[in-house]
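Subject: Structure for you to look at, with notes

Dear colleague,

Please find below the sequence and the structure that I promised to hand over. My notes follow, and I would be glad if you read them with the model open beside you.

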Amino acid sequence: MMNGRGESDGPVVPTKSPNNAERTVAEAMEGRGSAKGNMSQQNASRTQCRTSALSALARVRQAARRDKEAKFTALFHHITLDRLRTAFGQLKKYAAAGDGVTWEQYGGGLEENLRDLHDRLRRGAYRAKPSRRVYIPKADGRQRPLGIASLEDKLVQRAVVEVLNCIYEVDFLGFSYGFRAGRSQHHALDALAVGIARKKVNWVLDADIRGFYDAIDHEWLVKFLEHRIADKKVLRLCKKWLAAGVLENGKWTESEQGTPQGATISPLLSNVYLHYVFDLWVQQWRTRKARGDVVVVRYADDVLLGFQHEWEAKQFLEDLRERMRKFALELHPEKTRLVRFGRTAKRSSKVERERARTFNFLGFTHICGKSRAGRFLLVRRTMRKRMQAKLTDIKRQLQLRQHQPVPEQGKWLGSVVRGFFAYHAVPTNSYRMGAFRLAVSQLWRHSLRRRSQVSRVTHRRMRRLTERWFPPTRVLHPWPSERFDARTRGKSPVR
């Protein structure tokens with residue numbers, strides 16, 4: 001557990017007793033760049049294997065773990081030609097590019113292009129291009145802005161993220177799950193479910209940060225990065241991406257704050273920002289101020305906290321609003337909710353008949369239920385809005401696919417239903433999964449009936465088509481406590 005340091009109005013910084021000898025070792029373990037006279041020569045040969053590259057990053061990780069205050073001054077040389085080549089192989093072939101340069105076009109002269117890119121990076125001649133802004137529909141009907149970076153920006157950002165993750169994966173706290181290696185949305189859901197079941201949680205705070213990605217303060221973000229990164233070339237790259245701006249309808253707009261959603265670097269930068277603004281601060285708050293149990297789960301900017309006492313929850317909410325204001329953030333007044341919830345919530349209620357309320361988190365509505373034995377059971381069901389939005393999209397796609405043969409439609413719909421089940425097939429959600437499968441079958445039948453005035457799509461034929469192409473309704477995920485204990489080997493306490 002990391003302790004906080006500093007005044008309450010500033011960023012909370014990890015502390016540790018200074019150890020100059022250990023810091024010197026940490027910086028030495030990173031490795032050093034080439035001598036000034038040999039700038040064109042890499043520390044490792046061009047044929048350096050992936051194993052040795054990973055071992056170099058492993059030493060960075062060890063140095064970061066050894067000294068929580070060490071500032072890394074030599075990281076840029078880890079952005080090698082091999083790492084850029086690997087980043088290119090990880091890109092999706094048909095993904096959109098902000099500058100119009102496709103994967104195939106860039107790959108046509110890959111080695112020459114990568115050498116030119118690496119040379120521009122080394123000389124400081126690399127220029128970040130503005131992201132092309134597009135909008136995608138959200139489940140509530142609004143539009144979510146996304147920034148599509150150029151292909152070369154994606155390559156460099158992937159390489160930088162791989163290097164910086166070796167440092168920040170050591171620093172990030174256990175209750176942070178968003179966009180981290182080896183952690184997923186289901187791991188966050190498991191931690192929340194286990195925390196509610198095993199801790200004395202009577203109140204749940206659903207905190208929503210209004211427009212988080214668009215509100216990130218660049219000055220604060222750079223200060224947070226400088227707590228661990230002292231390599232000026234790496235910091236200069238991050239500043240270039242922040243200042244690159246966005247291109248919308250052919251018009252360039254300067255980015256004075258925020259980081260574009262969709263950029264490869266954005267998840268890491270947002271996690272760094274919330275690590276100092278929220279994670280370290282809430283860890284300090286519950287250690288110094290909390291008298292009862294407090295459970296914290298954060299996935300990117302989605303924050304859920306469980307409290308034993310109502311007065312502590314209200315005090316925390318007031319302190320959190322003040323904390324967010326100091327760093328140019330704001331809690332959404334309508335979406336931030338404090339609800340009575342938990343295995344002892346009903347018994348502790350002043351009005352015994354008052355029912356515990358529900359809350360949404362990562363696509364699921366969480367409900368206080370009972371098992372067959374009459375014990376508390378956390379029920380998770382797919383959010384109605386998300387399910388309805390998915391069905392609306394399927395209906396629109398079926399209209400565009402009416403000309404396709406039935407087997408081709410069935411194969412596509414089967415993959416859609418299978419993908420929906422892969423995420424939503426959790427225990428206690430069987431009813432919603434069955435309802436979704438039935439609704440997709442009805443949409444398909446309605447689409448097939450419109451193909452001809454003489455309809456031959458009977459209910460019997462539709463059942464055969466559904467059984468042939470759709471996966472059966474069954475639970476695919478284990479109970480939260482089973483997976484949580486298996487992943488942590490029973491040694492990690494509920495955070």
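Does Glu169 count as buried, partly exposed or exposed, and what is its relative accessibility? Glu169 counts as partly exposed, at 23% relative accessibility. Please keep in mind throughout that this is a predicted model, and that every value below was computed from it.

I start with that residue on account of its partner. Glu169 forms a salt bridge with Arg180, in which the closest N and O atoms are 3.1 Å apart. This pair links distant parts of the chain, eleven residues apart, with Glu169 in helix H6 (151–171) and Arg180 in the loop between helix H6 and helix H7 (185–198). Arg180, in contrast to Glu169, counts as buried because its relative accessibility is 7%, which is under the 20% cut-off.

As for the protein as a whole, there are 17 helices and eleven strands, and of its 495 residues 49% count as buried. Among contacts between residues at least 6 apart in sequence, 74% join residues at least 24 apart. The protein exposes about 25,500 Å², of which carbon and sulfur atoms supply 48%.

Returning to the charged side chains, the structure holds 18 salt bridges, and two more of them lie within single helices. In helix H5 (residues 110–123), Asp119 and Arg122 are three residues apart, so that about one helical turn separates them, and their side chains meet in a salt bridge with an N to O distance of 2.3 Å. Both ends are partly exposed, Asp119 at 24% relative accessibility and Arg122 with a relative accessible area of 22%. In helix H12 (residues 310–326), Lys314 and Glu310 are four residues apart and therefore also separated by about one helical turn, while the salt bridge between their side chains is 3.0 Å, N to O. Lys314 is partly exposed, with a relative accessible area of 47%, and Glu310 counts as partly exposed at 30% relative accessibility. Elsewhere, salt bridges that share partners join Asp82, Arg85 and Glu111 into one network.

The strands around E7 deserve some of your time. Strand E7 (residues 302–307) is mostly covered, since five of its six residues are buried. On one hand, E7 is joined by six bridges to strand E3 (residues 203–208), the two running antiparallel, and within that pairing Phe307 in E7 is the bridge partner of Trp203. On the other hand, E7 pairs with strand E6 (residues 294–299) in the antiparallel sense, again over six bridges, and there Tyr299 stands opposite Asp302.

The hairpin of E6 and E7 has two residues between the strands, and Ala300 lies in that loop. Ala300 has a positive phi of about 55° although it is not a glycine, and it is buried, with a relative accessible area of 5%. A further case is Thr428, a residue other than glycine with a positive phi near 75°, which sits in the loop between helix H14 (406–424) and H15. Thr428 counts as partly exposed, at 23% relative accessibility.

Turning to the interior, the largest nonpolar core has 112 residues, and those with the most contacts inside it are Tyr273, Phe278, Phe316 and Phe361. Apart from it lies another core, of 23 residues, among them Val416, Ala425, Val440 and Val457. Phe361 is worth following in the viewer, where, leaving aside its neighbours within four places in sequence, its contacts include Ala188, Leu189 and Leu192 as well as Val297, Tyr299, Asp302 and Leu304. Tyr299 and Asp302 are thus met once more, having appeared above as opposite residues of E6 and E7.

Ser441 lies in helix H15 (residues 430–449) and counts as buried at 10% relative accessibility. Leaving aside its neighbours within four places in sequence, Ser441 is in contact with Met462, Thr466 and Phe470.

Finally, a word on the cysteines. A search of the whole structure finds zero disulfides. Cys166 counts as buried at 2% relative accessibility, and Cys238 is buried too, with a relative accessible area of 3%.

With best regards

Definitions and conventions:
Residues are numbered from 1 along each chain as its sequence is written. This is a predicted model: local features need pLDDT of at least 70, side-chain atom pairs count only at pLDDT 80 or more; totals for chains, interfaces and linings use all residues. Side-chain values use heavy atoms; hydrogens and water are left out. A disulfide is a pair of cysteine sulfur atoms within 2.5 Å. Buried means under 20% relative accessible area, exposed over 50%, partly exposed in between (1.4 Å probe, protein chains only). Two strands pair if DSSP finds at least two bridges between them. Contact means heavy atoms within 4.5 Å. A nonpolar core is a set of buried Ala, Val, Leu, Ile, Met, Phe, Trp, Tyr and Cys residues joined through side-chain atoms within 4.5 Å. Accessible areas come from the Shrake-Rupley method with a 1.4 Å probe; for residues, only the protein chains shown count as cover. A salt bridge is a side-chain nitrogen of Lys or Arg within 4 Å of a carboxyl oxygen of Asp or Glu.
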